[in-house]
Amino acid sequence: MNKEYITFPFYVIMHPFNGYWELKYEQNKKLNLILSFGILLMLILTNVLSSQYSGFLVNIYNPEYMNSLMEITYVLVPVLFWCVANWSLTTLMDGEGKFVDIFTSTCFALLPLVIVNFPWIWLSNVISMQETTFYYFCNSFAVLWSVYLLFVGNMTVHQFTPSKTIVTIMLSLIAIGFMAFLCLLFFSLIQQIITFITILYQEITLRN
């Protein structure tokens, strides 16, 4: 992998319209996928390190109770839900993007969350209460930057108009909520079945 491919994600986030066009139509799909997984891995790492090592002024979690698997889930599940929901809807709305295009464009859009938030893991340990405003400002800036990139990426990948892209994003968010509800219902049902089987087993054991 040469230097051009490594710096390509930074080109995309600085020039999103041209970048996403090249991402979909001109760049090597396999390398795009490798870069996407790399960005996702860095975001997971940033999320875990942030929960563990951020300063107490901005860290809402107790590091002693931090669960790395849950922190990984907090990144992977929303990305997976977004890609599935967006792909399902845009397939019905004549979108031109394939699932892999949606995944790569989404991962590239998450890069600002890594670039902006990673230095603040360490800086948050040396700032005062008054300076936490800069921390929250930078976090908000990173989120808005990623949302903008997600919008441009979605519009370019599917070749939608801006208004149709907004409608698609809103419907995708509703679909994500529905999917989350179904998952919770499913896991709740599984938990009840396991509890029922456990109680039944104990009853049979005690009677014998």
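W21 is partly exposed, with a relative accessibility of 39%. Its partner Y25 is also in that class, at 38%. This is a predicted model, so please take every value here as computed from it. The ring centres of W21 and Y25 are 4.4 Å apart and the planes meet at 45°, so the pair counts as tilted. Both residues sit in helix α2, and being 4 residues apart they are separated by about one helical turn. In general, an α-helix has 3.6 residues a turn, so residues three or four places apart point the same way.

Staying with rings for a moment. The count of aromatic pairs in this model is 11. One of them is F8 with F108, an edge-to-face pair with 6.1 Å between centres and 65° between planes. F8 belongs to helix α1 and F108 to helix α5, so this pair ties together parts of the chain 100 residues apart in sequence. Are these two buried or exposed? F8 is buried at 5% relative accessibility, and F108 is buried at 0%. F8, F108 and Y11 together form one aromatic cluster.

F108 brings us to the core. The largest nonpolar core has 39 residues, and the members that touch the most others are Y20, L40 and F108. Which elements give two or more residues to this core? They are α1 (3-14), α2 (16-25), α3 (29-53), α4 (68-92), α5 (99-109), α6 (111-123), α7 and α8 (162-207). Take L40 as an example. Setting aside neighbours within four places in sequence, L40 is in contact with V75, L76, V79, F103, C107 and L110.

Now back to α2, for a charged residue. K24 is located in that helix. At 11% relative accessibility, K24 falls under the 20% limit and therefore counts as buried. What does K24 meet there? Beyond four places in sequence, its contacts are K29, E96, G97, D101, T156 and V157. Two of these deserve a closer look.

The one to start with is D101. A search of the whole structure finds 1 salt bridge, and the side chains of D101 and K24 meet in a salt bridge at 3.3 Å, N to O. The pair links distant parts of the chain, with D101 in helix α5 and K24 in helix α2, 77 residues apart. D101 is buried as well, with a relative accessible area of 6%.

The other is E96. Here the partner is the backbone: the oxygen of E96 lies 3.4 Å from a polar atom of the K24 side chain.

Next, helix α4, where I would point at two residues. T90 is in this helix, and at 1% relative accessibility T90 counts as buried. Where does its side chain go? The side chain of T90 reaches the backbone oxygen of N86 at 2.6 Å. Leaving out residues up to four places away in sequence, T90 touches G95, I102, H158, F160 and T168.

The second residue in α4 is I72. I72 is partly exposed, at 28% relative accessibility. Its C-alpha is 9.2 Å from that of L41, and the two residues are 31 apart in sequence.

On to the loop between α4 and α5, where D94 is found. Phi of D94 is positive, near 65°, and D94 is not a glycine. With a relative accessible area of 64%, D94 is over the 50% limit and so counts as exposed.

Last, helix α7. How many residues does α7 have, and how far does the helix reach? Helix α7, residues 132-158, has 27 residues and spans 39 Å from its first C-alpha to its last. That is close to the 39 Å expected at 1.5 Å a residue. After α7 comes Q159, which lies in the loop between α7 and α8. Q159 is another non-glycine residue with a positive phi, near 60°. Its relative accessible area is 39%, which puts Q159 among the partly exposed residues.

To recap: the salt bridge joins D101 and K24, and the F8 and F108 pair is edge-to-face. Positive phi values occur at D94 and at Q159.

Notes. Residues numbered from 1 in each chain as written. Predicted model: local features only at pLDDT ≥ 70, side-chain atom pairs only at ≥ 80, totals over all residues. Heavy atoms only, no water. Expected span 1.5 Å × (residues − 1). Core = buried A, V, L, I, M, F, W, Y, C linked by side-chain atoms within 4.5 Å. Buried < 20%, exposed > 50% of the residue type's maximum accessible area, 1.4 Å probe, protein only. Contact = heavy atoms within 4.5 Å. Polar contact = N/O pair within 3.5 Å; in protein donor to acceptor, adjacent residues only side chain to side chain. Salt bridge = Lys/Arg side-chain N within 4 Å of Asp/Glu carboxyl O. Phe/Tyr/Trp six-rings, centres within 6.5 Å; stacked < 30°, edge-to-face > 60°.
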